[in-house]
Amino acid sequence: NEKVYLCEGVFDTLSIDCLGHKAIGFLGVHAYAEETINLLLPFDIEIAFDNDDAGNKASQELANKFWQYKKPVSRSILPFGMDINEYFKTGGFGND
């Protein structure tokens, strides 16, 4: 299956895209409809929300929605307090 990253915001989504991966950006961690979950079921999902309290809580909530469909997902692990774009800009993906 094709991997798709679920990101929090436009800049995080663009950063993943710059690395050559498919990404979907939510404009807020709760800005998705139930239909979105259904459309994403065929893909390998990696949740790439910010690694902060709000992002971690929202990641768990979203993962639970996928689990309702027996769909496992993975979670991007970043240094605490960082988002994908910040990590990308520091060369964290080997892009320096």
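Reader: Which strand does strand S1 (residues 3-8) join through five bridges, and in what sense do the two run?

Author: A bridge count says how two strands are joined. In this predicted model, S1 is joined to strand S3 (residues 44-48) by five bridges, and the two run parallel. One residue pair in that ladder is Lys-3 with its bridge partner Asp-44 in S3.

Reader: Over how many bridges do S1 and strand S2 (residues 22-26) pair?

Author: S1 and S2 pair over five bridges, in the parallel sense. Here Cys-7 has Gly-25 of S2 as its bridge partner. S1 is thus a partner of S3 and of S2.

Reader: How many helices and strands are there, and in what order do the elements run?

Author: The protein has four helices and four strands. Read from the N terminus, the order is β-α-β-α-β-α-β-α. The radius of gyration is 13 Å, close to the 12 Å that the globule rule gives for 96 residues, so the protein is as compact as a globular protein of that length.

Reader: What share of the contacts comes from residues 24 or more positions apart?

Author: Contacts are sorted by separation along the chain. Of those with a separation of 6 or more, 61% are between residues 24 or more positions apart. As for burial, 38% of the 96 residues are buried, which here takes a relative accessible area under 20%.

Reader: What does the surface consist of, and how many charged side chains are there of each sign?

Author: About 5500 Å² is exposed, with 56% of it supplied by carbon and sulfur atoms. There are 8 positive and 15 negative side chains, and the centres of the two sets are 7 Å apart.

Notes:
Residues are numbered from 1 along each chain as its sequence is written. This is a predicted model: local features need pLDDT of at least 70, side-chain atom pairs count only at pLDDT 80 or more; totals for chains, interfaces and linings use all residues. Side-chain values use heavy atoms; hydrogens and water are left out. The radius of gyration is taken over C-alpha atoms; the globule rule is 2.2 Å times the number of residues to the power 0.38. Buried means under 20% relative accessible area, exposed over 50%, partly exposed in between (1.4 Å probe, protein chains only). Contact means heavy atoms within 4.5 Å. Accessible areas come from the Shrake-Rupley method with a 1.4 Å probe; for residues, only the protein chains shown count as cover. Lys and Arg count as positive and Asp and Glu as negative; His and the chain ends are not counted. The place of a charge is taken as NZ of Lys, CZ of Arg, CG of Asp or CD of Glu. Two strands pair if DSSP finds at least two bridges between them.
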